[in-house]
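Here are a few exercises to work through with the model open. Try each task before you read its solution.

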Amino acid sequence: MDYRDEAPEIIKGFLIYHETIKGHSRKTVDEYYLDLRTFFRFLKIDRGIVPRGTEIEEISISDIDLDFVKSVTVSDAYNYLSYLSRDRVKNQRSRDAEYGTKASTRARKVSTLRSFYKYLNVKANLIDDNPLKDLDVPKIPASLPRYLTLQEAQALLSSVDGKNRERDYCIICIFLNCGLRISEIVGLNIQDIRADHLRVFGKGSKERVIYINEATAEAINSYLAVRKDIAAIDRNALFLSNRRTRITRETVHSMVKKSLSAAGLDADKYSSHKLRHTAATLMLQNGVDVRTLQELLGHENLNTTQIYTHIDNAELRIAAEANPLGKFKP
């Protein structure tokens, strides 16, 4: 898919703005396009522009123009959210259809719509009034991220085996010690490796430095000793697949699940992203302050990082016990 070929001009300008001016990643911009495409496809059904019963995935939005965009009301948006909540298939590729998207998914789509209309109103000056400026975001139930305990993390590292042991151990070691995203690990190049740090490109291609500890340095060096003898097709890629090309996210996900099972851990409960949560939690439990953690994880907003401050109940318990009134009885 390439939005530059598919998107109508009114939407294309918004996407180009976010890619070139805001510096958002191609994946993020593609998600914006998919969100807007689904919204306008829904409106064409809801307004009777296409026959009832038409499969939503088959509807073209190539004819969406400024007049159509200006006709949208906040009621249209709430009707769309109702459709997402009740009638939208969760996974288009699944054989067993489940209906109703998560609140977090709907919140992201609301964010896209609000951003699109704000762009048309404030940046492009194509509309005089923003009809969705007061569109509410669905409330997302608060939930704490799952993470491995120190003992479980050690068991996971000890379980890694197989013909790609050095590679797989190195990947899991980086997850657990550095807290990188899976996209950041997959994107690592050999030239990003330094003696005491990694050069990492996060969301929006933002560069940051991640210092590595002794265990991670040893894991990287052990893998590089194997990597140098591989006739890589992608010479820059640090981590290679069995086909000697850059390893994919899917391969990493599968490898992590396999290693979790080998360690006797619930592979359905944990995932590669939970290893990032584990790194963040272990560092916070061992004295890293939340501002430093924010920089290390590459979070733009401190609120994203602060979710980890609610995890360490042991520290909260110690603080409660330390209160001199804790044993006072009148």
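pLDDT is the predictor's confidence in each residue, on a scale from 0 to 100. Keep that in mind, since this is a predicted model.

**Exercise 1.** Find out how far residues 91–97 can be trusted.

*Solution.* Start with the whole protein: its mean pLDDT is 86, and 85% of its residues reach 70 or more. Next, go element by element: helix α4 (residues 66–70) has the highest mean, 96, and helix α15 (residues 313–322) the lowest, 54. Now zoom in on residues 91–97: pLDDT stays under 50 there, and the model has two contacts beyond four places in sequence for this stretch. Where pLDDT is low, the predicted coordinates should not be read in detail.

**Exercise 2.** Work out how helices α5 and α6 are oriented relative to each other.

*Solution.* First, get the geometry: the axes of α5 (residues 74–86) and α6 (residues 103–123) come within 11 Å and cross at roughly 155 degrees. Angles over 145 degrees count as roughly antiparallel, and α5 and α6 are therefore roughly antiparallel to each other. Their crossing is right-handed. Then look at who touches whom: Tyr80, Leu81, Leu84 and Ser85 in α5 meet Arg106, Lys109, Val110 and Leu113 in α6. Sorted by class, that contact has five nonpolar, one polar and two charged residues.

**Exercise 3.** Describe the pairing of strands β1 and β2, and find the residue with a positive phi in their hairpin.

*Solution.* Strand β1 (residues 197–201) pairs with β2 (residues 207–211) in the antiparallel sense, over five bridges. To get the register, take Arg199: Val209 in β2 stands opposite. Finally, check the five residues between the strands of this hairpin, where Gly204 takes a positive phi near 65 degrees.

Technical notes. Residues are numbered from 1 along each chain as its sequence is written. This is a predicted model: local features need pLDDT of at least 70, side-chain atom pairs count only at pLDDT 80 or more; totals for chains, interfaces and linings use all residues. Side-chain values use heavy atoms; hydrogens and water are left out. Axes are lines fitted to C-alpha atoms, for helices over the stretch in contact, and angles run from 0 to 180 degrees between N-to-C directions. Helices (H or I, at least four residues) and strands (E, at least two) are DSSP runs, numbered from the N terminus. Angles under 35 degrees count as roughly parallel, over 145 as roughly antiparallel, 65 to 115 as roughly perpendicular and the rest as oblique. A crossing is left-handed if the near helix is turned anticlockwise from the far one by less than a right angle, and right-handed if clockwise. Contact means heavy atoms within 4.5 Å. Ala, Val, Leu, Ile, Met, Phe, Trp, Tyr, Cys and Pro count as nonpolar, Asp, Glu, Lys and Arg as charged, and the others, Gly among them, as polar. Two strands pair if DSSP finds at least two bridges between them.
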